[in-house]
Structures are given as C-alpha cells and as structure tokens.
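Subject: Structure for your review

Dear colleague,

Please find below the structure that I am handing over to you. I would be grateful if you could read the notes with the structure open beside them.

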Amino acid sequence: MVSSHWAAPAQTPSRRRGAVLERAILDAALEQLGTVGWNGLTMEGVAAGAQTGKAAVYRRWPSKEDLVADALRSGLPSYDTVPDLGSVRDDLLALCRRARDAMFSRPGFALRAVIHECDTMQAERFHAVILEGVIEPTIRMLREVITRGIERGEVREEAANGYVFDAVPAMMMYRSKIRGCEWTDQEVEEMIDQLMVPLLRPEGA
C-alpha cells in the first residue's frame, strides 16, 4: 500500500501552440510598443513578455518589422458600422469619439510609436498597414456620414471632397502629435462645432 504522505506530482502546464501562442506574442509586441516604443522594442523583450523562447518568435517573424506589422494589423479595431444618429453633427461627434478612443488604446499607442520613431525607410514598411487599417476606413465612414447629410439637406453638395474628408483625421493627428492634445469629449465637440459644422453647412443655413 502506498503511504498517504506521498503527494500527487504537480501537473506541468501544457505548452501553448499555434494561434494561442501567436496571439500572446502579438499582444506582447503591442505592449512593448506602448511602453518602450519602436526603438526600445526587441525580439527578446517580446519573447519574455509572451513567456516563450526567442526562437518561437523568430520562427514566425524573421524580423522586427514583420512582427510589428502583424501586431498592428491584429490590434487595430475594425470599423464596420457607421454612426447614424439622425444628424450629421451627432454622427461626426460619435465618429470622432470612436477615433479618439482608438488613438489612445493600446494598439493606438503602438501605432503612434511606430509613426513617431521610425525613420523614413522603416516607416514605408508600415504605410500599407496605416492606410488600410486606419486612414481608408476613417475616410470611408466620413464620406458616408457627409453623403447622408447632403441627402438630408444638412450639408452643401460640394462638401463631399477629399479636402473635407481629410480635415478630421488631419486635425486629430496634428493636435495629438504636435500639441500633445488628448482629445477630451469637450475638445472633440468644439472641433465639430467650430470646424466641421461651419465647413459643411449650406449657404444661408
């Protein structure tokens, strides 16, 4: 009979594999970007954050650029619904708040670290990620909101142009990057009321 003082051996945690391990590595890369930035991020640091070996990272991503591009793609929010609150002002307000929240999320901090710290050659690697994941979805939603406003008679027809579509993202990026604006709800509302509403309003309205 086996003595009762022998404890059952501790079970070894199962090794993470496949999609579970990849998600942990991508999350660790986003965390590193948000805390130490692009220049401070290392494959060793990401491996330590994901609690895996460096070889597991290099096996999937041969370079830091490859890893960060995939981490950004996986972390950026997907924009599949456009606000429809009954007025162009309220729709723009909801859209800008959504963009603000994305900018100050963990993927948003990671993206800004890449934009601010990469040199020109490195930044080219991420242009497609930024264009497809941030700029194009934002402009598509702005176009839909403004087109709907034209149909309701709230917006002048000639306002549906690229300069107007660029105004909100350009202002938010400029104020965030150059002036360190964190875009409180009041600041978002002031931008809509003082910039976008007068810009879009039909003559005589």
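The notes below take up the nonpolar core, the aromatic rings and the largest pocket in turn. Please keep in mind that this is a predicted model.

The nonpolar core

In soluble globular proteins, nonpolar side chains tend to be buried together. Here, the largest nonpolar core holds 31 residues, and those that touch the most other members are Ile25, Leu67, Val68, Leu72, Val114 and Phe126. Two or more residues of this core come from each of helix H1 (18–35), helix H3 (43–49), helix H4 (54–60), helix H5 (64–75), H7 and H9. H1 gives the largest share, 8 residues.

The aromatic rings

A pair of aromatic rings is described by the distance of the centres and the angle of the planes. The structure contains 2 aromatic pairs. In one of them, Trp38 and Phe126 meet edge-to-face, with 5.5 Å from centre to centre and 80° between the planes. This pair links distant parts of the chain, as its partners are 88 residues apart. Trp38 belongs to helix H2 (residues 37–40), while Phe126 lies in the loop between helix H8 (120–124) and H9. Are these two rings buried or exposed? Trp38 has a relative accessible area of 2% and Phe126 one of 0%; buried means under 20%, so Trp38 and Phe126 both count as buried.

Phe104 and Phe109 also form a pair, with ring centres 5.9 Å apart. Their planes stand at 80°, and angles over 60 count as edge-to-face, so this pair is edge-to-face. Phe104 is partly exposed, at 25% relative accessibility, and Phe109 is partly exposed as well, at 39%.

Two arginines lie over ring faces. Arg112 is placed over the face of Phe104, 4.5 Å from the ring centre. Arg175 is placed over the face of Trp183, 5.3 Å from the ring centre.

The largest pocket

How much space lies in the largest pocket? The volume is about 360 Å³. The pocket is lined by 20 residues, of which Met103, Leu111, Val134, Thr138 and Met173 are the closest to its centre. At least two lining residues come from each of helix H6 (88–103), helix H7 (106–117), helix H9 (127–151) and helix H10 (162–177). H9 supplies the largest share, 5 residues. By type, the lining consists of 15 nonpolar, 4 polar and 1 charged residues.

Yours sincerely

Note on methods:
Residues numbered from 1 in each chain as written. Predicted model: local features only at pLDDT ≥ 70, side-chain atom pairs only at ≥ 80, totals over all residues. Heavy atoms only, no water. 1 Å grid on protein atoms, 1.4 Å probe; cavity = no way out; pocket = protein on both sides within 12 Å on 5 of 7 lines; lining within 4 Å. Points joined across faces, edges and corners; volume = space filled by probe spheres on them. Helix = DSSP H or I, 4+ residues; strand = E, 2+ residues; numbered from the N terminus. Nonpolar A, V, L, I, M, F, W, Y, C, P; charged D, E, K, R; others polar. Phe/Tyr/Trp six-rings, centres within 6.5 Å; stacked < 30°, edge-to-face > 60°. Buried < 20%, exposed > 50% of the residue type's maximum accessible area, 1.4 Å probe, protein only. Lys NZ or Arg CZ within 6 Å of the ring centre and 35° of its normal. Core = buried A, V, L, I, M, F, W, Y, C linked by side-chain atoms within 4.5 Å.
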